[in-house]
Structures are given as structure tokens and as C-alpha cells.
Amino acid sequence: MLQQAERTLQEVLDAFDFGGQVAGVLRYGQGHINDTFCVYVQQADGDAKRSILQRINTDTFRDPAGLMENIVGVTEYLRRVIQEKGGDPERETLTVIRTKKGEAFFTDSTGGAWRAYHFVKDTVCLQQVQTPEQFYQSAWTFGNFQCLLADYPAHTLHETIPQFHDTRDRYKKFEKAVEANVCGRAAEVQAEICFVREHQADCAVLMDLLESGKLPLRVTHNDTKLNNVLLDKKTGCGLCVIDLDTVMPGLSLNDFGDSIRFGANHSAEDEPDLSLVNFDLELFEIYTKGFLGAAGDALTAREKEMLPWGAKLMTLECGMRFLTDYLEGDHYFKTHRPGQNLDRCRTQFKLVRDMEAHWSEMAAIVQKYS
């Protein structure tokens, strides 16, 4: 088995043009979806040139051709815009390395799909926010991502995960899980089920505005966590958005909201003690300031006004997904202990309640930086 894996890796290395003879390959990063490697090529000056090589998880992303078409289209557009603005496209966006046949990805003899990127030097990737400034830099980088791609034709992108943030569809799946009750767990989570049902009308708010043309379709990242931003090693400033597998058409509010859901509190996502789970209004303000400061006039007045809804609905949706998975037997989200998905669900619903309690303050903060 090991020999087959080594043969496959060699086949892949031979398929790409890394700019010289490959001197070594090592596992790289802390990602959970794709298999990632760092490829080293020895240079004439004795230094080693690095590249990133990834095996795309086709169980999660079933259309690698469409996925790579998205990534190539977006990154090549970003390169042009960054260059026009006097920036450095080699450091401020990802660069896809083509195969020797000029293709954006390579399919090996076992059916595996592989792609490669230039390594962005002198950067750091953080797994957790350590200072408010880092949260601000994350916000600025994702806001800038929206600004740079404001004129990109989002409708031309493939949906790499169909209906990923269609909260109305997530609600339908939740109700089906309650009705089926395949694990007999519904009776013990009646309070959580009632909470979701009380918020059914909320699930349609943003999708209805999109369909009525009151919110624009945007290029969205859909996984706006700190660890998907590269920070400059020397300055600490946000530099480059990475992990573009989930780039697809969507709402800017979803990208903003998912960052708030993940970052504007100090508890673990599966914290059992809900007294420790609290929405942090100061962190919300820090992120809002950075995001709107970079996105600027790229967002419409209605988008800015609805940012609190993005935060609330992304948090509600995520909690609903955790609850749905719990009802269905924990088959989607990885769990390491019994009841973990239920704890995850409860933390999200606690954050939703906190946001609702601070709704007017959230709106005032958005207005302050709009």
C-alpha cells in the first residue's frame, strides 16, 4: 500500500512543472479536507524553492474540474486587479502552477485529482486569534477580497457545494431529520427543536432579498476563518486569502457572518458550559471596522445594513446543521465524544440569543463604519 502511494506521488510530481528537479516532499499544514504537501526544488544559488501540492478531496468536492475553473478564474482576475492597483500579485493572491500539459490540475492513474500553487513566502497562518489586531487583519483581508472581486461575474462560478448557505433549504433538511428521528433523539432535544422553529421565518430573510434583487450576488469565500488568511511575517498585516475550494456565488453577508460566528466569542465551539459562551460586541466592532474599511463602496447600502443579519443567520444555520447531524446520527461532522454535536448546536443558539439581545448595538456599530 505504501509503495503504491509513493508511486502515485511520483507520478504526480512528474506531471507538474515545479521549475527544476524535485529535491524533497513533506506533509504540510493542518487542513482536514485535502492532503497537502510542500515540494522543495533546489536552486542554483543553493536556496530551495517551495511549492504547495494538494490532493483534492473528491468525496467533498465532486467536480474538481469546476472547482479549479473557479479558482483559476478568480485568481487570474485578482492578479490583474492587484497589479493595476500597484500591489504584488505573487504575494497577495494564490498562483496556480499548471501541469506540463498546461492544465490546471492533474488526474493520476488511480483517479485522484491534484493541483499545485506557488508558496507565498514570509507569511504566517494562525489557527486561533491571539490578539484583537489579528482579528482586525482577518476582517480587512476578507473585506479586501470582496472589494477586489466586486466586478467579477459571480454568476459564472460553479457551486462547488450546491445550496451551501441556502438557509431555507437547511431548515427543510432539519425538519426532515426531526420527522424521521432515525436515532430516537428528538424527544431529548425539544427545546432546541422549538428554538429553530421559532426562527423559521428568519431563515428566508436573506435568500428572499437575493431573489428579489435587493441584495447582489457576489463572489464569496464561504470559509472565512482566520486560518484561511496569510499574514505578513514582518508586519502582521493581512496579505492573502487562501483555501479557495469553496469560492462560489453567494452573499457577502455570509462571509461576514461566518467570521463573526467563529471569531466574536472566546469559547470553544463545543463548550458544554453555556455560561462561558458569550457574543463579544467589542470583537464584533473590531471585525466590522476592518471588513467595511477594506470593502468600502464595493458593498451596497443594503448589504451594509443587513450585516447583523449575516452574523445571526450564519450562526443559526450552523447550529441547525449541528442539530440536524445529531438527529441523524452524527454522520457529517466528525465527533470525538457522545453529544458533541448537541453541545456545538447549543453554543450556536446561545450566540444567536446574545446577538438578538444586542441587536440595536450591532446595527449602530455597522452604521458607524458604513
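User: Which residue in β2 does arginine 27 stand opposite?

Analyst: Good place to start, and keep in mind that this is a predicted model. Strand β1 covers residues 22-27 and strand β2 covers residues 35-42, and the two pair in the antiparallel sense. Across this pairing, the residue in β2 that arginine 27 stands opposite is phenylalanine 37.

User: How many bridges join β2 and strand β3?

Analyst: Strand β3 spans residues 48-56 and pairs with β2 in the antiparallel sense. One residue pair to look for is cysteine 38 with its bridge partner in β3, isoleucine 52. The number of bridges between β2 and β3 is eight.

User: Let's turn to the empty spaces. What is the volume of the largest cavity?

Analyst: Rolling a probe the size of a water molecule over the atoms shows where empty space is left. Here the structure holds two cavities of 30 Å³ or more. The second largest has a volume of about 40 Å³, and the largest has a volume of about 50 Å³.

User: Which helices each supply at least two residues of the lining of the largest cavity?

Analyst: The lining includes Phe135 and Ser138, as well as Ser259 and Phe262. Now compare those numbers with the helix ranges, 132-148 and 252-263. The helices you want are α4 and α8.

User: How many charged residues are in the lining of the second largest cavity?

Analyst: Its lining residues include His165, Thr167, Cys203 and Met314. By class, five residues of this lining are nonpolar and three are polar. The count of charged residues is therefore, by the class definitions, none.

Methods
Residues numbered from 1 in each chain as written. Predicted model: local features only at pLDDT ≥ 70, side-chain atom pairs only at ≥ 80, totals over all residues. Heavy atoms only, no water. 1 Å grid on protein atoms, 1.4 Å probe; cavity = no way out; pocket = protein on both sides within 12 Å on 5 of 7 lines; lining within 4 Å. Points joined across faces, edges and corners; volume = space filled by probe spheres on them. Helix = DSSP H or I, 4+ residues; strand = E, 2+ residues; numbered from the N terminus. Pairing = 2+ DSSP bridges.
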